[in-house]
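Visitor: I would enjoy a close look at one part of this chain. Could you take me through the open sheet, the helices that pack on it, and the aromatic rings nearby in your account?

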Amino acid sequence: MASEFDLIARHFTRPAAPGQLGVGDDCALFGVPPGHEVATSTDLLVEGRHFFPDVDPQALGHKTLAVNLSDLAAMGAQPLGCLLGLALPRADESWLAAFARGFHALAGQARCPLIGGDTTRSSLLVLSVTVFGAVRPAQALRRDAARAGDEIWVSGELGAADVAYRLLDGQLPADAQRLAAVRRALEWPAPRLALGRALAGLAHAAIDISDGLLQDLGHILDLSQVGAELRYGALPVASGLAGLDPAACRRAVLGGGDAYELCFTAAPADHAQILQAAASSGTRVSCVGSITEQPGLTVLDDTGRPLPDLPRGFDHFA
């Protein structure tokens, strides 16, 4: 049977980037470009809570890193490297090889090399990643920087990941065609790193949509001490939701997590520059509302009336 160190060497050790000391020492060493600060974030993924036990391990390797890179994107940061913690029920060589392929493929695309971590045995599969990035302090996209009058923007599409989860979990009636249309959004999220960097120093506040649009936008509003009006008809609904019950669609779009799109605010005078930044990053963006001086969050229907019974986002302890 392979030892812990054999598994690390075989599946998770890669040559370090120039100027870095990576896997194999007590600590990793890496530098930060002059004039930048370190941006860092940690996420945990727990079997049965964040992913299904039978998920494709290659997709899980991708997602384990993607959800952390999305946090760097929301700050406008450039990735520098990451740490991986693995708590494994058993050392399954084929599972680890597939997981590592998904993880390293995205790490290579994002230029975010694995530079350290740890492994242990556990009754549950638990995955933890810490990412490090670099951002100029004056350009960081913070949650507390929204201003009254700002336009509110959302990248990509919303709702697909939530519907995929509910189909797989049996909360929605079985629909193989719809599942095929939405499943990739849940299992292979695309962190918006290029968009985040293009918005750095241009947008005001930003957050990634991991727990639902309304809940995550609410964090911006609370920290910035402002309110917001959203136009439901302007929200970018995923095409895979076509024909879905309207209430289920509204819940997925407004309250569904695991989207890993960016919600951000910017001055109306910079509308054209936002569109140019999005185009340069190859990302679709939609202007969906505005920041108000009056606290509170309202979602307006097509007639301009507030929608009642707005959904709540994801809560780990609910």
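Guide: Gladly; here is a walk through the sheet, its helices and the ring pairs. Please keep in mind that the model is predicted.

For orientation, the chain has 318 residues, and buried ones make up 50% of them. It holds 9 helices and 10 strands.

Let us begin with the sheet itself. Its 4 strands follow the order E1-E4-E2-E3, with mixed pairing, and the sheet is open. At the edges stand strand E1 (37–46) and strand E3 (114–121); each has a single partner strand, so one side of each lacks a neighbour in the sheet. On average, and ignoring direction, neighbouring strands here are turned by 15° against each other.

Moving inward, strand E2 (residues 78–88) and strand E4 (residues 126–135) run antiparallel and are joined by 9 bridges. If you want a spot to find on screen, look for Gly 81, which has Phe 132 of E4 opposite it.

Now for the helices. Helix H2 (residues 57–75) lies across E1, E2 and E4, and runs at about 35° to E4. H3 also packs on the sheet, where it touches E2, E3 and E4, and its direction makes about 165° with that of E2.

H3 is a good place to turn to the aromatic rings. Over the whole structure, a search finds 5 aromatic pairs. One of them is formed by Phe 99 and Phe 103: the ring centres are 6.2 Å apart and the planes make an angle of 25°, which is under the 30 degrees cut-off, so this pair counts as stacked. Both residues belong to helix H3 (residues 93–110), and their spacing of 4 residues is about one turn of the helix. Phe 99 and Phe 103 are both buried. Ring pairs also bring in Trp 95, giving a cluster of Trp 95, Phe 99 and Phe 103.

For a companion to that helical pair, consider Trp 153 and Phe 264. Their ring centres are 6.2 Å apart with the planes at 0°, so this pair is stacked. Trp 153 sits in strand E5 (residues 151–155) and Phe 264 in strand E8 (residues 262–266), so the pair ties together parts 111 residues apart in sequence. Both Trp 153 and Phe 264 are buried.

That long reach can be set beside a figure for the whole chain: of the contacts between residues at least 6 apart in sequence, 85% join residues at least 24 apart.

Technical notes:
Residues numbered from 1 in each chain as written. Predicted model: local features only at pLDDT ≥ 70, side-chain atom pairs only at ≥ 80, totals over all residues. Heavy atoms only, no water. Phe/Tyr/Trp six-rings, centres within 6.5 Å; stacked < 30°, edge-to-face > 60°. Helix = DSSP H or I, 4+ residues; strand = E, 2+ residues; numbered from the N terminus. Buried < 20%, exposed > 50% of the residue type's maximum accessible area, 1.4 Å probe, protein only. Contact = heavy atoms within 4.5 Å. Pairing = 2+ DSSP bridges. Axes fitted to C-alpha atoms, helices over the stretch in contact; angles between N-to-C directions.
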